[in-house]
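Biologist: I am new to this structure. Please take one part and look at it closely, then show me how the rest can be read.

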Amino acid sequence: MSEWDDMFRENILDHYRNPRNQGALEHPDITYEDANPLCGDKIRMDLNVRDGKIEAVRFSGQGCSISQAAASMLSERIEGQPVEEVRKLTRDDMLEMLGIELGPVRLKCALLALKTLKAGVYGLKQWPGEEEA
Amino acid sequence: MNRAAGATAHREALDARTIRSQFPIFRGARPLHYLDSAATSQKPDAVLQAMDRYYATCNANIHRGVYRIAEEATAAYEDARRRVATFINAASPREVVFTRNSTEAINLVANAWGRSALHPGDAIVLTEMEHHSNLVPWHILAGLGEGLGGAPSVRRAGAATIVRGDRGIEIRYVPVTPEGELDLSVLPSLLADGRVRLVGVVHVSNVLGTINPVAEIARQAHAAGAHVLVDASQSVPHFPVDVQALGADFVAFTGHKMLGPTGIGVLWGRRELLEAMPPFLGGGEMIREVQLGGSKWNELPWKFEAGTMAIAEAIGLGAAIDYLSALGMDAIFAHDRELAEYTLPRIAALPGVRVLGPPLARRGGVVAFTLEGVHAHDVATVLDADGVAVRAGHHCAMPLHEALGVPASVRASFHCYSLPEEVDALVRGVKRAREVFAR
């Protein structure tokens, strides 16, 4: 197995090729867009919240397989969950979903969706992991 | 070297294989196909040894100590400056200012020249092809950007965009054609009102390899009373550049793209302009006399070299210039172009590939492309697994990518040690990336 096979686990390719919850919500309660200045990757997250729960989530954007797969996986993870869950999600949670290890440059690809989500939900602008350090 | 079909045999062609053996990074256990020389070049033994020699035999601060090794260090540092001056045909070594890199050289001009010479109502001309290093210093000067002022006023003049910030200084942009060349048809109209004080232009695009007709641009700029700043970061390392023949007033380049170390760059400026400019950074060495009520500046070039400079790196750059000169800049350029000629048809023939930039005749050793349905990062990651190093992203040229309508690109770039089989590995990898990621 090459490093390359390790990196592009079928899981990531599956989410990249068949993204879950891709698109936009017509009347989002929360919408936020962010970009990674390093590579220009963009993610927008739309959320509908009812009774403290994330009722619907859609993401859109452009970028590499890791950034887009991460957004897809994250959307699945939070849909139907209490908004409070978003606060608890960490960098390690995101990496666990992706199932890969990444160097410092590609790490930002993996964390862009979570960063965008946290900024949209409670205004936290740091990269996930920084606030926990 | 395996000659590509149709490649012209060069009488003094480089022996890239022998050259390669003189670079320690290529002697490592893992094979490295290094196609990112536009980001930074690799360093030959001669450069590393010159820096080691300084630290091991004459490490001392320059222009200060009167003891033996301090004299030796000063002589080595100033000798490097003379080599740079000869290499670019400066009229005098006094016109050669050492900086940290091209970015710092341009910031020096923007601050020292720009703050004293630009007044509200004045304009500068830049191009949409510029690296961020020749955009952002001018944005800061003009008060354009986050926290620097209100929203800029933006207007169009034909195909050109013109912006003006709170400080009343306009930036007029020469647009880029879909083929990735400057649309110079608009330049006369941008210069027409006589308010342009400076034209800043990249000599060779770091993304596309486009070689811009700088001498012609300089001629028009001077006729309109404007000075000319050339970002030569991608030209000085790859072909002969004669700053006097170029007709520029300022030329910026960096050591690490020309086989030298990081941390050392050059600003060349016409002497009378440098003489008239106030200093950029203040501190030791750049002064003649300091009193509590004020200071007098040192003479050129030291007026612009505050604090202890990158002595070892300057010496390393001098050694890099010796190495490049021994190979011959004409031969290096021929080698770059031969590889571009080898690469272009092979990469363009792959399904989904769109090659960016002009035809071979107007480009250097750079090939940038996009792969349909596959993000540049993913292409680069697949390539990395085969030991192929390329750049993926916007290459610090976001406005250019915007103009070309692509969010990111993959870039392969060459230098004297690059080989055709590295291109073959690139082509194989791009094909594989398409198979894996196409959706």
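**One helix, then one sheet**

Modeller: Start on helix 2 of chain B, where Ala56(B) and Thr57(B) are exposed, on the other side of the helix from its buried residues. Keep in mind throughout that this is a predicted model. The helix covers residues 45-57, which makes 13 residues. From first C-alpha to last it reaches 17 Å, close to the 18 Å expected at 1.5 Å a residue.

Which residues of helix 2 of chain B are buried? They are Val47(B), Ala50(B), Met51(B) and Tyr54(B). Look down the axis of the helix: these buried residues fall within an arc of 90°, so they line one face. What do they pack against? Their partners are two helices of chain B: helix 3 (68-87) and helix 10 (311-327). So much for the buried face.

Now turn to chain A. It holds six helices and three strands. Read from the N terminus, the order is α-α-β-β-β-α-α-α-α. The C-alpha trace spans about 45 × 35 × 25 Å along its principal axes. For 133 residues, a compact globule would have a radius of gyration near 14 Å, and chain A agrees because its own value is 14 Å. Of those 133 residues, 39% count as buried. Take the contacts between residues at least 6 apart in sequence: 62% of them join residues at least 24 apart.

The three strands deserve a walk. Strand 1 (residues 30-36) of chain A pairs with strand 2 (residues 41-50) of chain A. The sense is antiparallel, over seven bridges. Two pairs help you find the register. Ile30(A) stands opposite Leu47(A) in strand 2. Asn36(A) stands opposite Asp41(A), also in strand 2. The hairpin of strand 1 and strand 2 has four residues between the strands. There Gly40(A) takes a positive phi near 80°.

Next comes strand 3 (residues 53-62) of chain A, which pairs with strand 2 of chain A over nine bridges. The sense is antiparallel here too. Asp46(A) has Arg58(A), in strand 3, as its bridge partner. The hairpin of strand 2 and strand 3 has two residues between the strands, and Asp51(A) takes a positive phi near 50°.

Put the strands together. They form an open sheet of chain A in the order 1-2-3, with antiparallel pairing. Strand 1 and strand 3 stand at the edges with a single partner strand each, so one side of each is left without a neighbour in the sheet. On average, neighbouring strands are turned by 15° against each other, direction ignored. As a general point, strands of a sheet pair through backbone hydrogen bonds.

Finally, see which helices meet this sheet. Helix 3 (residues 65-78) of chain A lies across strand 2 and strand 3 of chain A. Helix 3 runs at about 170° to strand 3. Helix 6 (residues 104-122) of chain A packs on the sheet as well, touching strand 1, strand 2 and strand 3. The direction of helix 6 makes about 145° with that of strand 1.

Terms used: Residues numbered from 1 in each chain as written. Chains lettered and ligands numbered in written order. Predicted model: local features only at pLDDT ≥ 70, side-chain atom pairs only at ≥ 80, totals over all residues. Rg over C-alpha atoms; globule rule 2.2 N^0.38 Å. Buried ≥ 20, exposed ≤ 12 C-beta atoms within 10 Å, placed from the backbone. Contact = placed C-beta atoms within 7 Å. Expected span 1.5 Å × (residues − 1). Arc of directions from axis to C-beta. Pairing = 2+ DSSP bridges. Axes fitted to C-alpha atoms, helices over the stretch in contact; angles between N-to-C directions.
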